[in-house]
Amino acid sequence: MTANAKSTKEQGHALPSLADVDAGRVPLEEYEIAHGEDSAELTDDTMTQARPVSEFPELAGFFRQRGERGPQKAPVKERVGLRLNKTVVEHFRNTGPGWQSRINEVLENYVKDGPGRAKD
């Protein structure tokens, strides 16, 4: 709970709601201040003083490019191109999302059982 919310509750006043703003009972600025959303406006002067994220090495890894993955907790799978029979692909796709992982699971179980010992 924020300090603003605590002090408002101690006084016995309810925090304004968005319904209060919509009804015109409370200005938006008052609502934002009451809820701790009173961040400063971004001005041209502020932007001239801004520094690029690259100047903050402690933030390295916090910002990533689109499609760029972070560090993996488990071993990473290897991407391969694999041609499968159409019926096999259709069967697994029809099982819904995660169908590629299910193919991986079937192949993994085959490897664990050993060649020639796969269960029917």
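Here are legends for several close-up views of this structure, which is a predicted model.

**View 1. The whole chain, built from helices.** Let's start with the full picture before zooming in. The chain has 6 helices and 0 strands, so if you walk along the sequence, you meet the pattern α-α-α-α-α-α. How much of the chain is buried? Buried residues account for 11% of the 120 residues. The accessible surface adds up to about 11200 Å², and carbon and sulfur atoms own 52% of that surface. Now take the contacts in the chain with a separation of 6 or more: 13% of these link residues that sit 24 or more positions apart.

**View 2. The largest pocket and its lining.** Here we look into the largest pocket, which holds about 660 Å³ of space. The pocket is lined by 16 residues, and the ones closest to its centre are Glu 78, Arg 79, Val 80, Gln 100 and Asn 104. Which helix gives the most to this lining? That would be helix H6, covering residues 99-113, with 6 residues in the lining. Sort the lining by class and you get 8 nonpolar, 4 polar and 4 charged residues.

**View 3. Asp 20 and its partner Arg 25.** The structure holds 3 salt bridges, and this view shows one of them: Asp 20 paired with Arg 25. Their closest N and O atoms are 2.9 Å apart. Asp 20 belongs to helix H2, which runs over residues 18-22. Is Asp 20 buried or exposed? Its relative accessibility is 18%, and because the cut-off for buried is under 20%, Asp 20 counts as buried. Arg 25 tells another story, since its relative accessible area is 56% and anything over 50% counts as exposed. So this salt bridge joins a buried Asp 20 to an exposed Arg 25. Leaving aside residues up to four places away in sequence, Asp 20 touches Leu 15, Arg 25 and Val 26.

**View 4. Arg 51 meets Glu 55.** Next up is another salt bridge, this time between Glu 55 and Arg 51. What distance separates their closest N and O atoms? The answer is 2.7 Å. Glu 55 has a relative accessibility of 42%, so it counts as partly exposed.

**View 5. A salt bridge along helix H5.** Zoom in on helix H5, residues 86-93, and you'll find both Lys 86 and Glu 90 there. The two are 4 residues apart, which is about one turn of the helix. Their side chains meet in a salt bridge, with 4.0 Å from N to O. How open are the two partners? Lys 86 is exposed, at 63% relative accessibility, while Glu 90 is partly exposed, at 39%.

**View 6. Val 88 and Ile 103.** We stay in helix H5 for this one, as that is where Val 88 is found. Val 88 has a relative accessible area of 33%, so it is partly exposed. Now look across to Ile 103, which is 15 residues from Val 88 along the chain. How far apart are their C-alpha atoms? They are separated by 9.3 Å.

**View 7. Glu 32 and Leu 18.** Our last stop is helix H3, residues 28-34, which is home to Glu 32. With a relative accessibility of 28%, Glu 32 counts as partly exposed. Its C-alpha lies 9.7 Å from the C-alpha of Leu 18, and the two residues are 14 residues apart in sequence.

Conventions: Residues numbered from 1 in each chain as written. Predicted model: local features only at pLDDT ≥ 70, side-chain atom pairs only at ≥ 80, totals over all residues. Heavy atoms only, no water. 1 Å grid on protein atoms, 1.4 Å probe; cavity = no way out; pocket = protein on both sides within 12 Å on 5 of 7 lines; lining within 4 Å. Points joined across faces, edges and corners; volume = space filled by probe spheres on them. Nonpolar A, V, L, I, M, F, W, Y, C, P; charged D, E, K, R; others polar. Buried < 20%, exposed > 50% of the residue type's maximum accessible area, 1.4 Å probe, protein only. Contact = heavy atoms within 4.5 Å. Areas by Shrake-Rupley, 256 points an atom, 1.4 Å probe, with all protein chains shown as cover.
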